[in-house]
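Hi there,

Here is the structure I promised to pass on to you. Please open it alongside this email, and my notes on it follow below.

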Amino acid sequence: MKLDGLVTARGGLVRNPLTGQTPFDFYDRRGAHLAALWHPVEGLSADYAFDTAYDGSSPLYYQTVTTDTKPQAPAQPITPRRVRVAAVGVPQQDSVGRTHGHRLTLDWQAAPGLELKSISASRAMTQSQYDNGSATKSVFAPRSAFARYSLAAFDQRQWSQEVQLIGETPQLHYLAGALYFRERVGDQAQAFNTMRWNERGTAATLLSLTPATQPIDRASRVTAESLGAFGHATWTPPLADAWLHLTGGLRWSRDAKAGSLYIVNNRTPSVNGVVAPRGLDARWSRLDPMVTLAADAGPDLHAYAKWSTGYRSGGANSRSLTYAPFAPESVSVWELGTKSEWFDRRARLNLAVYAGSYAGIQVDFTAKYLQKDQAGRVLESTRTTTETFNAPGRGRLRGAEADLTLAPTTGLTLTASYARTDLRIPPTANPFPQTDGLVVTTPVRLYPVCTPRDAISGAFDYNADVPGGTLRAHLDANADSGFYANYNDPERDRRQPRGAADVVVNGRVALTDVAVSPGAAVELALWSRNLFDEQHLFYREYTRLVGTGGFFNERRTIGLELGLRF
């Protein structure tokens, strides 16, 4: 049996001036994990695990760093540098997630070279959202309401079963299996303003509102089921040194989703004169192959070439006004790579390049506040409306990765990695009007979201035995070229901004393996994230109504960590 527990907490990094309210960028997390392994007879095992967790947190604090036409309240100026105190205090409570799950793995060695395995799992999660971190995105007007509080409730139940047959002969290793997955999800969201400006925007008062009495912006529920059968085998021809390996695989998938969007803007959806919940009932099937040719070119060099396809099922966006369905997307990728060791295994270098194409890429278009729907009607609430579409034609994917590990002396390890990702999405027409009311019928450029083009990291690790324990030191540096937060340009004459690029350094020094009693050891660590307190706007967006804003990276934090193992 094995029992693990974790308790970690951090005070907010941006103070909320409203008395009694949660600060921004705070968390309080704790969890436990129990594992038990049973061997009733030779060749048969049962591995059971249970985990439970609590996660209380608050949102990041949104800062407006430049403004165009947005009227600015004197009490809420633009803030081009990372702040420690919010300009205006607002209601804010913890967003709480509670999860628990079970897993049971049964393993039977049925015969020499033949293994049967069953993996059963279930998981449940409830998650609440209380997000009032974007008050600076509100437009000022005398005595107007602002500070949009975004609330959501999410409930998820999952169950899965997988069976595997694993076998091997001197020249063939194979795996065949099947799986079933079922998920039930329900979500509900609402948003309302919580503060009111005075006449000049120099102070604000709290609106007395109860969330239970506020309109519900949207509510939906869906059940997803997946069936799959898969198999792959690796054949090693009877050549000298068994240096060549050919692997082939095939997976059949069938996905089904059934659900409904039953509340839109606090009432039953109305589309084209029909008042009724908007339903989703769709199914997709797919067969995906994989082929890999690998060669052991020497005792310290391995090379491979791989081709595979994959897909992501379709569905419907719960932020849509119409719950319009979208189709699956698929990808086909070639990959070439090597894995090698050098200098008497003191250096390890892995290289890979890949290229492929996408079909039916799923992209989101969003109508911000104060816009109109496709029929020209003004949106009936301040909620964001999002539609998911399949981009026409084929997209392109190319990239390269490199990982280097060096162990020049005993106890010292140096690592470095680099990744380059180039994704091109076919231009697609935006169905929503711009903020000036015009609809752009010409397909527009789309950006890969949350994917930096370049990312690089490096780390230094040193371990040494000292009296009473082991000294471990770690230092790492991480940088990327910044990523796009949204798929499309905010206006037809304004390009989408990209998040800032910079370098963040983290460090940790620990004294481990300190024996306190027979079978028990203590670990004590001092760590720092963002050691040099570097700051950059990693998430950046622009709207003509608000200006440029986003989220800064976390400021420097320093902590102590105590671990007990027994």
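Contact here means heavy atoms within 4.5 Å. With that in hand, please keep in mind that this is a predicted model.

Let me start with Lys137, since the contact cut-off applies to it directly. Leaving aside residues up to four places away in sequence, Lys137 touches Tyr62, Lys70, Glu541 and Val546. Lys137 sits in the loop between strand 6 (114-131) and strand 7 (145-168). Tyr62 is 75 residues from Lys137 along the chain, yet their C-alpha atoms are separated by 7.9 Å. Is Lys137 buried or partly exposed? Buried would require under 20% relative accessible area, and Lys137 has 23% relative accessibility, so it counts as partly exposed.

Ile456 makes a good companion case. Its place is in strand 25 (residues 454-466). Ile456 has a relative accessible area of 48% and is partly exposed, because the exposed class begins over 50%. Its contacts, not counting residues up to four places away in sequence, are Ser417, Tyr418, Ala477, Asn478 and Ala479. The C-alpha atoms of Ile456 and Ala416 are separated by 7.5 Å, with their positions 40 residues apart along the chain.

Next, the strand pairing, which I followed from one strand to the next:

- Strand 10 (residues 218-235) pairs with strand 11 (residues 244-264) in the antiparallel sense, over 18 bridges. Phe230 has Arg251 as its bridge partner in strand 11.
- Strand 11 also pairs with strand 14 (residues 278-298), again antiparallel and over 18 bridges. Here His245 stands opposite Ala294 of strand 14.
- Strand 14 runs antiparallel to strand 15 (residues 301-312), joined by eight bridges. Ala295 stands opposite Ala303 in strand 15, and the two strands form a hairpin with two residues between them.
- Strand 15 is joined to strand 18 by 12 bridges, and they run antiparallel. Opposite Leu301 in strand 18 is Ser340, while Lys306 stands opposite Glu335.
- Strand 18 and strand 19 pair in the antiparallel sense over 13 bridges, with Trp342 opposite Ala347 in strand 19. Their hairpin has four residues between the strands, and Phe343 takes a positive phi near 50 degrees there.

Now for the nonpolar cores. In soluble globular proteins, nonpolar side chains tend to be buried together. Which residues touch the most other members of the largest nonpolar core? In this core of 15 residues they are Tyr358, Ile361, Val363, Leu397, Ile425 and Leu446. At least two residues of this core come from each of strand 18 (329-342), strand 19 (347-359), strand 20 (362-367) and strand 23 (412-428). Strand 20 gives the largest share, three residues. Apart from this core lies another, of 14 residues, including Phe24, Tyr61, Val90 and Ala147. Back in the largest core, Val363 touches Glu387, Thr388, Phe389, Ile425, Leu446 and Tyr487, with residues up to four places away in sequence left out.

Since you will probably want to look at the empty space too, here is what the search gave. How many cavities of 30 Å³ or more does the whole structure hold? The search finds one, and the volume of the largest cavity is about 30 Å³. Tyr61, Thr64, Pro77, Ile78, Thr79, Ala87 and Thr136 line the largest cavity. That lining divides into four nonpolar residues, three polar and no charged.

As for open space, the second largest pocket has a volume of about 880 Å³. It is lined by 30 residues, and those nearest its centre are Gly5, Leu6, Glu561, Leu562 and Gly563. Strand 1 (2-10), strand 27 (502-517), strand 28 (520-529) and strand 31 (557-565) each supply at least two residues of this lining. Strand 1 supplies the largest share of the lining, nine residues. By type, the lining of the second largest pocket has 13 nonpolar, eight polar and nine charged residues.

Happy browsing, and all the best!

Key
Residues are numbered from 1 along each chain as its sequence is written. This is a predicted model: local features need pLDDT of at least 70, side-chain atom pairs count only at pLDDT 80 or more; totals for chains, interfaces and linings use all residues. Side-chain values use heavy atoms; hydrogens and water are left out. On a 1 Å grid over the protein atoms alone, a cavity is a set of points where a 1.4 Å probe fits but cannot get out, and a pocket is an open set with protein on both sides within 12 Å along at least five of seven lines; lining residues have an atom within 4 Å of a point. Grid points are joined across faces, edges and corners, and a volume is the space filled by probe spheres set on the points. Ala, Val, Leu, Ile, Met, Phe, Trp, Tyr, Cys and Pro count as nonpolar, Asp, Glu, Lys and Arg as charged, and the others, Gly among them, as polar. A nonpolar core is a set of buried Ala, Val, Leu, Ile, Met, Phe, Trp, Tyr and Cys residues joined through side-chain atoms within 4.5 Å. Buried means under 20% relative accessible area, exposed over 50%, partly exposed in between (1.4 Å probe, protein chains only). Two strands pair if DSSP finds at least two bridges between them.
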